[in-house]
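Here is a short note for a colleague who has not looked at this structure before. Please read the points in order, with the model open alongside.

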Amino acid sequence: MQNKYVVFIKKYNISSNKLTAIEQDASSRKYFKIKNNKNFLLMDSPPAENNNDRFITISKHLNKINLSAPKIITCNKDKSLILIENFGDNTFNKALNNKISEFKLYRRAVDALLEIHKNDFPKGIPVYSKDILMNEVNLFIEWYCNYKNINLSLSSKNKWNSIWNKYLEPLTKSNNKLVLRDFHVDNLFWLESRKNIKKVGIIDFQDALIGNIEYDLSSLLEDVRKDISDKTKNDVFEYFISNSNIDNINKFKLNYKILTAQRNAKIAGIFVRLAERDKKTRYLSMVNKAILIFKKSAKDANLLELLNWHEDNSVN
């Protein structure tokens with residue numbers, strides 16, 4: 001299998017007889033370091049399972065608006081093999097563990113988001129429709145509830161869908177920003193040698209959609225992967241609001257909480273699926289955190305019907 005990779009990179013005057021696999025994330029993509037070349041990574045991304053055209057489009061867009069996304073060096077004909085810029089391994093998660101200022105990192109990430117939001121988005125990016133939001137939140141029913149041996153009646157499932165339809169329908173009327181969808185500490189890199197917002201390296205945006213302004217902020221601040229101090233969270237949240245053109249702040253805060261609940265219900269389902277179907281059991285350690293964020297957000301947003309549904313169905 002490695003031979004096809006070596007043949008590919010040799011076409012571009014990059015010779016190597018050794019490729020080192022990088023630990024895989026939750027997706028089907030594979031990444032390889034190239035011996036004696038620290039500037040590039042080789043990405044193997046099956047087109048049937050990944051939005052490679054969108055990945056290339058968003059990479060070019062982010063770089064065009066003066067942000068740091070992996071530049072596309074070249075790709076093969078079907079775009080399954082892509083040579084990309086290598087950001088190294090200093091993710092936000094690692095930088096935080098190495099005592100880089102929490103507030104500095106998160107504020108810089110928000111600066112990058114603000115830059116994304118004040119620019120037009122590329123043409124042809126799909127909308128974050130209610131159907132997509134509903135399919136995501138139903139992963140909670142399909143995977144998490146089954147994992148917990150919670151046998152839901154058809155009536156309970158229909159009620160779940162009815163409740164979420166009512167909460168999510170109004171949000172789709174505000175789909176006007178590029179949403180990267182996985183804007184969190186493992187997909188952000190601290191590029192110390194670069195200047196200003198280019199210090200924030202952004203990856204994993206191939207599933208980008210046109211959605212709500214609140215979504216990526218929630219992805220950053222309400223993250224199962226890393227605890228963040230209340231002070232930093234509150235300060236960065238207010239910093240985002242004060243630097244955004246938001247007409248109705250109360251509506252913004254409510255949408256933020258609803259999307260946080262939706263996203264973390266989805267995450268609980270996805271992480272169980274990764275463990276059960278794909279044997280990536282390490283994700284199970286974060287499921288309880290996703291449930292806690294989900295329930296807290298639902299409570300903060302006063303989503304009474306949803307909270308009552310949980311009680312009625314003994315979901316915990």
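Helices here are DSSP runs of H or I with at least four residues, numbered from the N terminus. By that numbering, Tyr256 sits in helix α9. Note that this is a predicted model.

1. Start with Tyr256, in α9. Is this residue buried or exposed? Its relative accessibility is 6%, so Tyr256 counts as buried. Setting aside residues up to four places away in sequence, Tyr256 touches Glu214, Leu217, Ser218, Leu221, Glu222 and Phe237. For a sense of distance, take Lys123. Tyr256 and Lys123 are 133 residues apart in sequence, and their C-alpha atoms are 26 Å apart in space.

2. Next, the largest nonpolar core. It has 48 residues. Which of them touch the most other members? They are Leu62, Leu180, Ile202, Leu217, Leu221 and Phe240. Helix α4 (residues 102-118) gives this core its largest share, eight residues. As background, nonpolar side chains in soluble globular proteins tend to be buried together.

3. Leu221 deserves its own look. Its contacts, leaving aside neighbours within four places in sequence, are Tyr106, Ile228, Lys233, Val236, Phe237 and Tyr256. Two names link back to point 1: Tyr256 touches Leu221 and also Phe237.

4. There is a second, separate core. It holds 42 residues, including Ile141, Ile163, Phe294 and Ala301. Keep Ile163 and Phe294 in mind, as both return in the helix contacts below: Ile163 in the contact of α6 with α11, and Phe294 in the contact of α10 with α11.

5. Now the packing of α6 (residues 154-168) against α11 (residues 304-312). The angle is about 160 degrees, and the axes lie 10 Å apart. How do the two helices run relative to each other? Angles over 145 degrees count as roughly antiparallel, and α6 and α11 are therefore roughly antiparallel. Their crossing is left-handed. On the α6 side, the contact uses Ser156, Lys159, Trp160, Ile163, Trp164, Lys166 and Tyr167. On the α11 side, it uses Leu304, Glu305, Leu306, Trp309 and His310. By class, this contact has seven nonpolar, two polar and three charged residues.

6. Helix α11 also packs against α10 (residues 287-300). Here the angle is about 135 degrees, with the axes 8 Å apart. That makes α10 oblique to α11. From α10 come Phe294, Lys295, Ala298 and Lys299. They meet Leu306, Leu307 and His310 of α11. The contact divides into four nonpolar, one polar and two charged residues. Leu306 and His310 also take part in the contact of α11 with α6.

7. The loop between α9 (249-276) and α10 holds Leu284. Leu284 counts as partly exposed, because its relative accessibility is 27%. Not counting residues up to four places away in sequence, Leu284 touches Tyr147, Phe271, Val272 and Ala275. Its C-alpha atom is 33 Å from that of Ile72, a residue 212 places away along the chain.

8. Lys279 is in the loop between α9 and α10 too. What is its phi? The value is near 65 degrees, which is positive in a residue other than glycine. Most residues other than glycine have a negative phi. Lys279 is exposed, at 64% relative accessibility.

9. Ser314 also merits a check of its backbone. It lies in the segment after α11. Its phi is positive, about 50 degrees, although Ser314 is not a glycine. With a relative accessibility of 54%, Ser314 counts as exposed.

10. Two loop residues make a useful contrast. Thr91 is in the loop between β5 (81-85) and α3. Its relative accessible area is 15%, so Thr91 is buried. Beyond its neighbours within four places in sequence, Thr91 is in contact with Val185, Asp186, Leu188 and Phe189. Lys99 lies in the loop between α3 (92-97) and α4. At 74% relative accessibility, Lys99 counts as exposed. Lys99 and Lys296 are 197 residues apart along the chain, with 28 Å between their C-alpha atoms.

How values were computed. Residues numbered from 1 in each chain as written. Predicted model: local features only at pLDDT ≥ 70, side-chain atom pairs only at ≥ 80, totals over all residues. Heavy atoms only, no water. Axes fitted to C-alpha atoms, helices over the stretch in contact; angles between N-to-C directions. Parallel < 35°, antiparallel > 145°, perpendicular 65-115°, else oblique. Left-handed = near helix turned anticlockwise from the far one by under 90°. Contact = heavy atoms within 4.5 Å. Nonpolar A, V, L, I, M, F, W, Y, C, P; charged D, E, K, R; others polar. Core = buried A, V, L, I, M, F, W, Y, C linked by side-chain atoms within 4.5 Å. Buried < 20%, exposed > 50% of the residue type's maximum accessible area, 1.4 Å probe, protein only.
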